[in-house]
Every structure is written in C-alpha cells, then in structure tokens.
Amino acid sequence: MARTKFHLGYFTKFGATSWPGDGQEFGSRWTDGSYHKDLAKMLEAAKFDFVFFEDSLIVGDRYANSMELDLKNATLSPKLDPMPLLPLMAQETSHIGLVATASTTFYPPYLLARLLSTIDSLTNGRAGWNMVTSSERNAAMNFGMDKLLPPNERYDIADEFVELVKKLWDSWEEGALVADTETGVYVDHTKVHTVNFEGKHFRSRGPLNTLRSPQGYPVLAQAGASERGRQFSSKNAEVVLGMMTGGVPGMKAYRQDIRDRAEAQGRNPDDIKVFFLTPVEIFPEDGERPEMTEAEKQASFEHNIVMASSSLDVDFSLYDVDAPVPQDIVAGGHTSALEFMKKAGREEGKSLRDLFSAGKGASGMDFSGTVEQVAEKMMAVMDEVGGDGFLIEGSGYNRQLPDLVNGVIPALQKAGAVRTEYRGTTLRDILREF
C-alpha cells in the first residue's frame, strides 16, 4: 500500500548528549563541535530534513531551590550557544538544514536579524530559527529583569519582533549585489532601503548592513501549544512543533487546527510542516526491551522533573510524585503543558512519576520495538494523521543512532515513506519538496 510521505528532523542540544554513560560512546566530544559535525554527516546520509537545537539560558535551580540535580544530570546546563555551531556543521555537509533557538524576549531585533542573515549565508541557505518567547524566570533575571511578562504579552511582543526582523531582512532586495567592475558599482543603492519601523515595543531605522542571504531569511520554526501560541505559529512559522498532543486523535486535530488557522490568515497551509516531537526506542531483533538499570531510571526521572520545574516555573519537590497529579498546581511558564499533565492525572490517574519517567514522550505515542516495528508504527501514525513529520528526540538516545539511521530509516525509505535523495538545495526548498 502507498504510505503517506513524511519529513524527519532530529532534536538535540549543544550540550552533553549522552549522560550517564562511560564517557566513551558516540557523543562524548561535544564542546569543540566534533560530535555535532559527525551527527550532521550521519543524519544527512540518512536524508533528514534538519537538525534542530533547543536552547536555554539558565542553570536550573527551580526544583528544591538547588542547582544540584540539573548539574548532576547535565539537564539544562552545561550548554553552549548553538548559533556559532551551525556554520561548523554546514562545512561538513551540503544539504541538511540547521535550526537553532533564540528568544524574542532577550535578543534585540536588529542584532538577531543580522546574526541569522549571516548564518544563512555561511550555511548556503540552510539556516532555521526556532522562535521562543522564553519561560524561565531565572533567564529574565540573567538579563536584568525582575520577572517575565505574562505569556500573551510575550507573544504580542514576539509578533512585532518577527514583523520587524522580516522588514530588516527585506531591506536588501534580490539583485542588490551587482559587483560590476565596468561601472565600479558593488551594490545597487536603489535596492537597499531603510525600514523606519515604529511599533509599540520596537523601533528600528534599518537597513541591515549584510547582504541578502540565500533564503532571504531563515526558515521560521515554533512550538505553539496554547491558544495564543497556535495563533502565533500559524501566522509566522514554517515548521511547527506539535507537543503534548495526546496520541493520534490529538495529533490529527492539532495539525488540522494549525492548517485552518494559517488559511484563515491568508497563508497556504501546505507551506507549513507540522512535526511531532517524539522519542524512539529500538529493541534488539529478539524484540525484548532492554531493561534499564535503577540508576538509569532515576537519572531519567531527575532529568525530566528538573526540566519541567524550570520550564513550568513549578517546584515539583513540594508535591508527592506518586500521587495523581495535583489539580491546584499553578504554572508560571508553559501553562498548556501543565494543563496536559493535570488532565492525565484527572482522567487517567497518572502520577508525576508516571509522567516524568521514560516513556512515550510529548507525542503520547509509543514508538518502541524492533527496527521493523518502529518503522511500521511511524508509518501507521502518519497514514492516519496525514503528515507532516516527526522530530525525533536525540538527547539521551544517541546510543541508538546507528540502529536509527542504518535500520529504521532504510525501512521507511524502502516503503516510500521518507525521501531517498534531496532535490532542494536550501532548507525551505527541502521542506517544500513534498
């Protein structure tokens, strides 16, 4: 049978990608970029669309008012800025896209517009920007703020931020660079313009002093979960990350909602690709799930609860992790994620330990089994959802990379579910191949 064709991204960080471990496995060399250059080559050989870097700006201490578990498990820290890493990875590859995270709350628009234009040029048009408004209170304090504004206000600011950076990117027209030795003109000044932007939150004269980059501006990505977040995604993003969707019905409804919102705002919904964030767990050919040690289970739990405490701005050490999720928790950060957790506690009797232990991940789907079983599960889900792709969680799973790229991906390719060759040259071209 014909399978729904879908895209693949790989979700990682510019940090320690395999901990705990013995320090010898693939992924131990990360601070000089060696691991991620090798990663990019491996994923490009498997014809992934892009590598996607999450990022944060804190050492997490929201859980139990201590940095101990964050630093012990290398959860939020240590972490290096992924922006300078993208050109290094591009030098080792020729097609795979490279997406990094940057906050509209902390970057000045002109500075980020110039940086991303530069990176798009250095990567030959393969750059992407994951737009975030940030949710960690400590990040605000790192930038001299007492606290973050409420989520809806941060999104209002982000809308204006994106409007401005697009105008800055467009301040150089196509063909502005002429480099005509006969006339002595390097840049046609009639094709470079000021923007004179006056908004509620930002002002900028422009233009940028960079050349127009190969894509004009990078591919824009965002994870919109709340009502306001979905509206922002459907207005601005080309790659939308579906998280906490609750299985196939939720995935299907989420994708349709984003597409409907985009169309209502005058966009072509086919220009938006919805990727569902999910882990995979690949078993040996005998089909038996490898048993995690107690130390591995505890490390996974600690990693997840520290991550949740920071992103939701909730100290989960104050709650009984083995009782159903309390309904009186109030989040300062990702409110939609907390509502998903409360619903799981209320309707399914899930405890915090259930939710923070290794399992199905944000998609709510179980992509575990042998190589063939994982491939079949992924195809069956996409056949029902209708597209557009999976963003495979890499952090903590890099030891399964050989099984993923040498086993699962060839099985998907054989079935015609994913690409076998790149046709486009820029990241935007690659995303729009199908």
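In the predicted model, T210 has a relative accessible area of 13% and is therefore buried, the cut-off being 20%. This residue is placed in the loop that runs between strand 8 (203-204) and strand 9 (219-222). Leaving aside residues up to four places away in sequence, T210 is in contact with R114, S117, T118 and W172. With S117 there is a polar contact between the two side chains, at 3.4 Å.

Strand 8 and strand 9, which flank the loop of T210, are also among the elements that cover the buried residues of helix 6. Helix 6 comprises residues 151-169. For its 19 residues a span of 27 Å is expected at 1.5 Å a residue, and the C-alpha atoms at its ends are 27 Å apart, so the two values agree. Its buried residues are R154, Y155, I157, A158, D159, E160, F161, V162, L164, V165, L168 and W169. The cover over these residues further includes helix 4 (109-122), strand 4 (127-132), strand 7 (197-198) and helix 7 (227-236).

A second buried loop residue is S56, with a relative accessible area of 11%. The loop in question connects strand 2 and helix 2 (68-73). Contacts of S56, with residues up to four places away in sequence not counted, are made to L76, K79 and E136. The side chains of S56 and K79 are joined by a polar contact of 2.9 Å. Between the C-alpha atoms of S56 and L116, which are 60 residues apart along the chain, the separation is 18 Å.

Strand 2 (50-53) also takes part in the packing of helix 1. Helix 1 has twelve residues, 34-45, and extends 17 Å from its first C-alpha to its last, close to the 16 Å expected at 1.5 Å a residue. Within this helix, S34, Y35, H36, L39, A40, L43 and E44 are buried. Besides strand 2, the elements against which these buried residues pack are strand 1 (7-12), helix 3 (85-91) and helix 13. After helix 1 comes K47, with a positive phi near 70°.

Helix 13 (401-414) is preceded by a loop that starts from strand 14 (389-393) and contains Q400. Q400 has a relative accessibility of 19% and therefore counts as buried, the limit being 20%. Apart from residues up to four places away in sequence, Q400 touches V280, E281 and I282. For I282, the backbone nitrogen lies 2.5 Å from a polar atom of the Q400 side chain. Q400 and N268 are 132 residues apart along the chain, and their C-alpha atoms are separated by 37 Å.

Helix 12 consists of the 15 residues 371-385. Its expected span at 1.5 Å a residue is 21 Å, and the end C-alpha atoms are 21 Å apart, so that expectation and model agree. The buried residues of helix 12 are V371, V374, A375, M378, M379, V381, M382 and V385. These residues lie on the same side of the helix, because the arc they cover around the axis is only 160°. Helix 12 is followed by G386, for which phi is positive and near 100°.

Conventions: Residues are numbered from 1 along each chain as its sequence is written. This is a predicted model: local features need pLDDT of at least 70, side-chain atom pairs count only at pLDDT 80 or more; totals for chains, interfaces and linings use all residues. Side-chain values use heavy atoms; hydrogens and water are left out. Helices (H or I, at least four residues) and strands (E, at least two) are DSSP runs, numbered from the N terminus. Buried means under 20% relative accessible area, exposed over 50%, partly exposed in between (1.4 Å probe, protein chains only). Contact means heavy atoms within 4.5 Å. A polar contact is a pair of N or O atoms within 3.5 Å; within protein, one must be able to donate a hydrogen and the other to accept it, and residues adjacent in sequence count only if both atoms are side-chain atoms. The expected span of a helix is 1.5 Å times one less than its number of residues. The arc is that of the directions from the helix axis to the C-beta atoms.
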